[in-house]
Structures are given as C-alpha cells and as structure tokens.
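Here are my comments on the model you sent. They are set out as numbered points, to be read with the structure open.

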Amino acid sequence: MGKPDADGPGLPDLPPEWGRVVVPDDASALAAEAEQIRRELGHTSRRTVPRPPARSAFALPLLVLLVAVLTTLAGLAAVTWPRSGRSTPEPTPTPYAPPAGSAGRPLPALDLVDAGQSPVPLRGLVPAMIILVDGCPCPDDVATAAALAPAGVTVVTVAGARPVRATPSAGATVRPLADPAGGLRAFLHLPARPGTVTALLVDRSGVLVKVVPEIHSAEDYRADLTRLAA
C-alpha cells in the first residue's frame, strides 16, 4: 500500500496544484497509468509528424510539355533569326564548253535542205566552215567568216526550220541551209544558245577539225580556217 511522500524528507517541494502525491510500494501498480500515457504520447507524435507533400499526378507531364515547347521555340528562333554577313552568291553564267571528243571525228552523213526544200548532202560541201545560226542570225559574224574564207572553202549557214540568207561581202559566197531535224546539234551534243552562233571547221576529208561553241571574234577560228585550204 502506498504512502504519502509529498511532505516527506528528501523530496523537493511539489506544486500545490498537483495535490497529494502517493508513491506505491509496487511499481506494477502504475502499469495501467503508464500504458495510458504511452498511448497518449504515441497518438500525439503521430499527429505531429509532418507528412511529405503529395506529388501531383500532372507534374511530370507538365515538365515534359514545357521542355518540348522550349525546344521548339529555340529551333524556330535559330531558323528565322537573320544572319548577317552571309550572302548567297549569284550564279554566274558559264560559257558553253566544247563537246568532248568532237574534234577529229568524221562529219556525219546528214542531208540538209536548201530554200527549195531540196536535200543537200553536208559532206559534199567540204572543206567548209559550217556556222549554226539557229540561235542567232548574226549577219556580221557570217559576213566576217565569208570574207576570211580562202578559195575552195565553203561557208555554210545552218538554220533550224528554214534557211537564213546572209549578205556576204563582195566576192564571198555563203550557202544557206536548214536542219529541221536538228541532226547536227544532236551530233555535237551542243544546244542552241540565243544570241550566239556556233562554228564547225571541216577539212576536205570530212573530218571535224575544230568546234567553236560561241564565236566572239574572228581570232577564234582564223588560223584553222586558213589551214582548211591546204
């Protein structure tokens, strides 16, 4: 049985509001009160322990969407941002290159037509300087070639649909013909170019000596034209 110890010797003064304190002889008599206190302390601790904030189910999708939007905007800015110091050079027209391997080949056996639409074998006119005027009549270039042509060398103009008559200088002759089928251009693999004329120099054996894709001056063919008469 317990005994009052509140006023006993060796104990400090206790607050009067605690009332009379009785200390039992057997500590097991306090087991019920201790269990109740433990339950109250445990309940209090569970209520006071903070729980981690719950993660929203939309957090990850929103983050992915934000990264995708920022990446798209960065790409658009890189494409549309004006770039200084870079200018696209304008392509410069290049002159026609002579057909590879044309010189040294025999002239094809083509029949052209004259003003009366009669066939004219091209090989029967060699040695000759053949001027293709399907891109430009260029009468000055034709007249210059006719004036420089040595005796025995025929100057032939070849148009597309119908022959184009030129006005050569006094004493020079020009044979106007036409190539409606375009066989001569196909042989050369050289298309007509507006504003320019092409010249072929053929020796008396019918071999193509030189091809001038574009006549710029008489110096382009003068030496070879002189040798055709040899």
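**Notes on the predicted model**

1. What covers the buried residues of α3? The cover includes three strands, β5 (128-132), β6 (154-159) and β7 (174-178), together with the helix α5 (222-227). Please keep in mind throughout that this is a predicted model.

2. The buried residues of α3, a helix spanning residues 139-148, are V142, A143, A145 and A146. They lie on the same side of α3, because the arc they cover around the axis is only 165°. In general, residues three or four places apart in an α-helix point the same way, because there are 3.6 residues a turn. D140 and A147 are on the other side of α3, and these two are exposed.

3. The largest nonpolar core has 22 residues, and those touching the most other members are M129, I131, V197, I215, Y221 and L225. At least two residues of this core come from each of β5, α3, β6 and β8 (198-202). The largest share is that of α3, with three residues. A second, separate core has 19 residues, among them A128, L177, L200 and L208.

4. Y221 deserves a separate look. Which residues does Y221 contact, leaving aside its neighbours within four places in sequence? They are M129, D141, T144, A145, L148, L201, V212 and I215. Of these, A145 is one of the buried residues of α3, while M129 and I215 are listed with Y221 among the core members that touch the most others.

5. On the surface, there is a nonpolar patch of about 1,100 Å². It is made by L60, L62, L63, V64, L65, L66, V67, V69, L70, L73 and L76. One of these residues, V67, lies in helix α2, which covers residues 59-80. Is V67 buried or partly exposed? V67 counts as partly exposed, because its relative accessible area is 46% and that class runs between 20% and 50%.

6. For the protein as a whole, the secondary structure comes to five helices and nine strands. Read from the N terminus, the order of elements is β-β-α-α-β-β-β-α-β-β-α-β-β-α.

7. Some totals to close. The protein has 230 residues, of which 27% are buried. Its exposed area is about 15,700 Å², with 61% supplied by carbon and sulfur atoms. Among contacts with a separation of 6 or more, 59% are between residues 24 or more positions apart.

Key. Residues are numbered from 1 along each chain as its sequence is written. This is a predicted model: local features need pLDDT of at least 70, side-chain atom pairs count only at pLDDT 80 or more; totals for chains, interfaces and linings use all residues. Side-chain values use heavy atoms; hydrogens and water are left out. Buried means under 20% relative accessible area, exposed over 50%, partly exposed in between (1.4 Å probe, protein chains only). Helices (H or I, at least four residues) and strands (E, at least two) are DSSP runs, numbered from the N terminus. The arc is that of the directions from the helix axis to the C-beta atoms. Contact means heavy atoms within 4.5 Å. Patches are made of residues with over 30% relative accessible area and no salt bridge: like charges are joined within 9 Å, nonpolar side chains (Val, Leu, Ile, Met, Phe, Trp, Tyr) within 5 Å. Accessible areas come from the Shrake-Rupley method with a 1.4 Å probe; for residues, only the protein chains shown count as cover. A salt bridge is a side-chain nitrogen of Lys or Arg within 4 Å of a carboxyl oxygen of Asp or Glu. A nonpolar core is a set of buried Ala, Val, Leu, Ile, Met, Phe, Trp, Tyr and Cys residues joined through side-chain atoms within 4.5 Å.
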